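Welcome to a short tour, best taken with your viewer open. Please load the model and set the display to cartoon.

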Amino acid sequence: MPSSDHPGERLHPSPSPPLPDGPQSVVVLLHSDTLVRDSRLRLSADPDDLRRELQSRLDLPALTAAPDPAGEVAVATRTHRHDGWHSPSGLPRPSLPALAAGTVLRLTWHGQPPHPAAVHALHTEGVGDRRAEGFGRVR
């Protein structure tokens, strides 16, 4: 490993930066209606199911929805149901409960932040079901 101007001098890797002491947080804004599944794999409009999905996608050990120190709310949601009609059978399609576009979550975690590649994938791919149809876009 000696590769400096002084022969015989050993270079040592610099220590990794220390982890932040307190909790870190991020604000997630849904840019489109989002379909997420609950623990029984049913479609859900519960913001806790979205939090669980984001925790899994970002590979964080514990992600919580908590107000910031200034007392701002942790979650502001609206729901929307998507209904359809199947013309050939003359029957309604299943109703899809969704978190509406404009839903905001302030999520907090302790320790290492999510990997930048996971955050980039979340921005480009979205979250939840039927993303190819425009559901689940986040910022």
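We begin with the whole chain and then go from one charged pair to the next.

**The whole chain**

Keep in mind throughout that this is a predicted model. Colour the cartoon by secondary structure: you should find two helices and ten strands. Following the chain from its start, the order is β-β-β-α-β-β-β-β-β-β-β-α. The protein has 139 residues, and 30% of them count as buried. Now switch on a surface, which exposes about 9,300 Å², with carbon and sulfur atoms supplying 55% of that area.

How much of the contact map comes from residues 24 or more positions apart? Among contacts with a separation of 6 or more, such pairs account for 70%.

**Charged pairs**

Side chains of opposite charge can pair when their charged atoms come close. A search of the whole structure turns up seven salt bridges, and our next stops visit some of these.

**Stop one: Asp 129 and Arg 37**

Select Asp 129 and Arg 37 and show their side chains; they meet in a salt bridge with an N to O distance of 2.5 Å. This pair links distant parts of the chain, 92 residues apart: Arg 37 sits in strand S2 (residues 36-37), while Asp 129 belongs to the segment after helix H2 (116-125). Are these two partners buried or exposed? Asp 129 counts as partly exposed at 24% relative accessibility, and Arg 37 is likewise partly exposed at 38%.

**Stop two: within helix H1**

Next, select Arg 51 and Asp 48, whose salt bridge brings the closest N and O atoms to 2.8 Å. Both residues lie in helix H1 (residues 47-58), and because they are three residues apart, about one helical turn separates them. Arg 51 has a relative accessibility of 15%, so this residue counts as buried, the cut-off being under 20%. Asp 48, by contrast, is partly exposed, at 33%.

**Stop three: from helix to helix**

Now pick Glu 125 and Arg 57, which form a salt bridge at 3.2 Å, N to O. Glu 125 is in helix H2 and Arg 57 in helix H1, so the bridge ties together parts 68 residues apart in sequence. Glu 125 is partly exposed, with 46% relative accessibility; for Arg 57, also partly exposed, the value is 23%.

**Last stop: a network**

Finally, select Asp 48, Asp 49, Arg 51 and Arg 52 together: salt bridges with shared partners join these residues into one network.

Technical notes:
Residues are numbered from 1 along each chain as its sequence is written. This is a predicted model: local features need pLDDT of at least 70, side-chain atom pairs count only at pLDDT 80 or more; totals for chains, interfaces and linings use all residues. Side-chain values use heavy atoms; hydrogens and water are left out. Helices (H or I, at least four residues) and strands (E, at least two) are DSSP runs, numbered from the N terminus. Buried means under 20% relative accessible area, exposed over 50%, partly exposed in between (1.4 Å probe, protein chains only). Contact means heavy atoms within 4.5 Å. Accessible areas come from the Shrake-Rupley method with a 1.4 Å probe; for residues, only the protein chains shown count as cover. A salt bridge is a side-chain nitrogen of Lys or Arg within 4 Å of a carboxyl oxygen of Asp or Glu.
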